[in-house]
Amino acid sequence: MKTNAARILDRLGIRYELKEYAVDESDLTAATVARKVGLPLEQVFKTLCARGDRHGVCFAVVPGDAELDLKALAALAQDRKTEMVALKEVQPLTGYIRGGVTALAAKKDYPVYVDETVMLFDVISISAGVRGTQIFLAPDDYVRATKAKLGAIAKAT
């Protein structure tokens, strides 16, 4: 299924692969997605929605086996502090539901911050913008498509 995120990649001439998987509404964890798409957990990146006190809403993209370091995100985003956006605000802000959030083709062009470990891999997996579909692509291409800033924003869980 072609999503708006995939259409953006098409327009940019970026090569990618769509990988569909069966969704379990009761288990939307990155670990489950990784198992279903056949990649190690650290190669499946989750897109989180955060808010800084100075610059507002942003996307933070971290490996599936890590959690977001809010202090590190704040420093990278040049905010004094950041916090996670409440789940009930995610869809109105981004146009995406939990388990299908992506920095590509969101309602607004929010800044994107990606954990620097993304560059360790030849291929990463990100949400295609819907539950049940992931996009496999090269990290360089993802960073270019999202105009992301790289930094150490993940911490071990």
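This passage walks through the overall build of the chain, its two largest pockets, and a few residues and one helix worth a closer look.

The model is a predicted one. In terms of secondary structure, the protein chain carries five helices and 10 strands. Its C-alpha atoms fit into a box of roughly 40 × 35 × 30 Å when the principal axes are used as the frame. How does the radius of gyration compare with that of a compact globule? For 157 residues, the globule value would be near 15 Å, and the protein chain comes in at 14 Å, so the two agree. Half the story is on the inside: 50% of the 157 residues count as buried. On the outside, the accessible surface adds up to about 8000 Å², with carbon and sulfur atoms accounting for 50% of that area. As for how the chain comes together, take the contacts between residues at least 6 apart in sequence: 62% of these join residues at least 24 apart.

Turning to the pockets, the largest pocket has a volume of about 520 Å³. Its lining is made up of 29 residues, and those nearest the centre are L28, K46, T47, R98 and G99. Three elements each supply two or more residues to this lining, namely α2 (30–37), β2 (45–52) and α4 (87–94). Of the contributors, β2 gives the most, with five residues. Sorted by class, the lining of the largest pocket holds 15 nonpolar residues, eight polar ones and six charged ones.

The second largest pocket has a volume of about 230 Å³. Here 14 residues form the lining, with A103, D109, A145, T146 and K147 lying nearest the centre. The class breakdown for this second lining is 10 nonpolar, one polar and three charged residues.

Helix α2, already met in the lining of the largest pocket, also has an inward-facing story. Its buried residues are A30, T32, V33, A34 and V37. What do they pack against? The partners are β1 (17–20), β2 and β8. Strand β2 therefore turns up twice, as a packing partner of α2 and as the element that gives the most to the lining of the largest pocket. Just after α2 comes G38, which has a positive phi, near 80°.Strand β8 (residues 133–137) brings in T133. Is T133 buried or exposed? With a relative accessibility of 3%, T133 falls under the 20% cut-off and so counts as buried. Setting aside neighbours within four places in sequence, T133 is in contact with M1, L18, K19, E20, Y21, S127 and A128.

M1, one of those contacts of T133, sits in the segment before α1 (4–11). M1 counts as exposed because its relative accessibility is 53%, the cut-off for exposed being over 50%. Not counting residues up to four places away in sequence, M1 touches L18, E20, V130 and T133. Where the ends of a long stretch of chain are concerned, M1 and A128 are 127 residues apart along the chain, yet their C-alpha atoms are separated by 9.4 Å.

Note on methods
Residues numbered from 1 in each chain as written. Predicted model: local features only at pLDDT ≥ 70, side-chain atom pairs only at ≥ 80, totals over all residues. Heavy atoms only, no water. 1 Å grid on protein atoms, 1.4 Å probe; cavity = no way out; pocket = protein on both sides within 12 Å on 5 of 7 lines; lining within 4 Å. Points joined across faces, edges and corners; volume = space filled by probe spheres on them. Helix = DSSP H or I, 4+ residues; strand = E, 2+ residues; numbered from the N terminus. Nonpolar A, V, L, I, M, F, W, Y, C, P; charged D, E, K, R; others polar. Rg over C-alpha atoms; globule rule 2.2 N^0.38 Å. Buried < 20%, exposed > 50% of the residue type's maximum accessible area, 1.4 Å probe, protein only. Contact = heavy atoms within 4.5 Å. Areas by Shrake-Rupley, 256 points an atom, 1.4 Å probe, with all protein chains shown as cover.
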